[in-house]
Amino acid sequence: MARRPRAPRAAPRRVRGTVGIIGLGYVGLPLACLAAEKGFRVVGLVRAPEKAQQIRSGHSPIRDPRLQRWLSKVSIEATTDPRSLRACRTIVICVPTPVDALHNPDLGPVREAVELVRRHAPRGVLVILESTVNPGVSEEVVLPLLARGGHREGRDFHLAHCPERINPGDPHWTVRNIPRVLGALSPRGLKRARTFYAAILEAAVTSMRSIREAEAVKIIENSFRDINIAFINEIAKSFTKLGIDVLDVIEGAKTKPFAFMAHYPSCGVGGHCIPVDPYYLIEKAKQVGFDHKFLKLAREINNSMPAYTVDLLVRALNDVGRPVKGTRVGVLGLAYKRDIEDTRESPAFEVIRLLKELGARVEVFDPYVPEQSTQPSLPALLAKVDAIVLTTDHTPFRTLPLRDLKRAGVRAVVDGKNVWKRADVERLGLRYQGIGV
Ligand code: SAJ
């Protein structure tokens, strides 16, 4: 830790203190806006100078109208200079924790951020890790890195973990009102972290008995979601063979007022959380000799959905007498979920890869990801294809007049997010196949 700098000139009354946020992405940027709104001086550390400049000038690098409006009303000192951390009594790490190609957790960004804290933060700093990590990372990875050079937890720094719960694109549950869980290595660290979050959140913060428990809460939240999606994906596959409409059955099951929680089949599971977090627990448990068969099976089922979707298209084209080889296929959507631009782990990319492998001529349009689309608009794409695969349930796709498909000469529709009704599509003489419907 750097020696505490000379006492800064008297800060304006409104400032509650200075908080540093490392990583201004889907998690860090909303948190920075909220802390600034609540009266903190916010120093945001990013890697790219152009991103720092963009945020300093009040422009969000994330295409999200609500976030953009928020950012235009607050001031965030975005910078690439880690020395700016010297002014921060609290530093929140909000960097990505992806998995690598072999599905092993990649803690590289976390290690890099922690090293910057160790080298530049003032003595006594509170370090809060918000990135999702498997149980044990705070004590076994972060703590030793911070303690290098003789620094001591409780004296030179305090360490806490408050797993992020951002749901990108959600207008109701936001960083402001989502309840949180919190764990720390020491009572003093827990107290300071609680004080920080009490100053910015309008939601309950539950203290866990340990930092490891706080890490575990997030992992089971998202693993729970992944296995439930895998469950309904497997049901969708069997119900297709049984000729049962899985959506109707889900609606029926939802009439039970307890002990059933609806999840929906789709062409695959994307995002930076659900398809990633279970691997953290799988890998960690493997280190202590436990094999998470169920979590792995759920991942296997969800990872099989893009290929299942492409197989549905092959069959649909077969039914209209068209080989997939040489057929022009339009893929609708690249983002991993509706009405956002985030494409991380999106199943659309696997669908596109498999279609090309089978010799299809693939066109792509996503209104939220124009830079990776091959066509400038939905009409332009429809004019060029004989079949479509919907992979993201963006609003412009959900509200598309189906007669536009007919007029464009589309012959087969595979609905990877079950946004359309089979009867409505087949009434137009088009072949339709959904996921379980
Ligand atoms: N998906 C399905 N079927 C479902 C639900 C989702 O196939 O029933 C797919 C989506 O299409 C998407 C992926 O799974 O490709 C993830 O969808 P998601 O709604 O879980 O979206 P995320 O990844 O943004 O999840 C976030 C998570 N929040 C955090 O990790 C902090 C998750 O915990 C939330 O439950 C989720 O938002 C939410 O509830 O919307």
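Is Ser60 buried or exposed? In this predicted model, Ser60 is buried, because its relative accessible area is 11% and burial is assigned under 20%. The residue belongs to the loop that joins helix H2, which spans 49-56, to helix H3, which spans 65-71. From this loop position, the side chain of Ser60 makes a polar contact with the backbone oxygen of Ile62, at a distance of 2.7 Å.

Two helical residues were examined in the same terms. Leu317 lies in helix H11, a segment that comprises residues 305-319, and with a relative accessible area of 1% it is therefore classed as buried, the limit being under 20%. Although Leu317 and Val414 are 97 residues apart along the chain, their C-alpha atoms are separated by 9.9 Å. Asp277, in turn, is part of helix H9, which is made up of residues 277-287. The relative accessibility of Asp277 is 1%, so this charged residue also counts as buried under the 20% limit. For the pair formed by Asp277 and Ser377, a sequence separation of 100 residues is accompanied by a C-alpha to C-alpha distance of 34 Å.

The ligand occupies the space of the largest pocket in the model. It is surrounded by 20 residues, of which Asn167, Asn222, Arg225, Tyr336 and Lys417 are the closest. When the residues of this shell are sorted by class, eight are nonpolar, six are polar and six are charged.

Polar contacts to the ligand involve both backbone and side-chain atoms of the protein, as three examples illustrate. On the backbone side, a polar atom of Ile166 is placed 3.3 Å from a nitrogen atom of the ligand, while a backbone N or O atom of Gly270 is found 2.9 Å from an oxygen atom of the ligand. A side-chain contribution comes from Lys337, a polar atom of which is positioned 3.0 Å from a ligand oxygen atom. Taken alone, the ligand would expose 730 Å², and 84% of that area is buried by the protein.

Conventions: Residues are numbered from 1 along each chain as its sequence is written. This is a predicted model: local features need pLDDT of at least 70, side-chain atom pairs count only at pLDDT 80 or more; totals for chains, interfaces and linings use all residues. Side-chain values use heavy atoms; hydrogens and water are left out. A residue is near a molecule or strand if one of its heavy atoms lies within 4 Å of it. A polar contact is a pair of N or O atoms within 3.5 Å; within protein, one must be able to donate a hydrogen and the other to accept it, and residues adjacent in sequence count only if both atoms are side-chain atoms. Accessible areas come from the Shrake-Rupley method with a 1.4 Å probe; for residues, only the protein chains shown count as cover. On a 1 Å grid over the protein atoms alone, a cavity is a set of points where a 1.4 Å probe fits but cannot get out, and a pocket is an open set with protein on both sides within 12 Å along at least five of seven lines; lining residues have an atom within 4 Å of a point. A molecule sits in a cavity or pocket if more than half of its atoms lie within 2 Å of its grid points. Helices (H or I, at least four residues) and strands (E, at least two) are DSSP runs, numbered from the N terminus. Buried means under 20% relative accessible area, exposed over 50%, partly exposed in between (1.4 Å probe, protein chains only).
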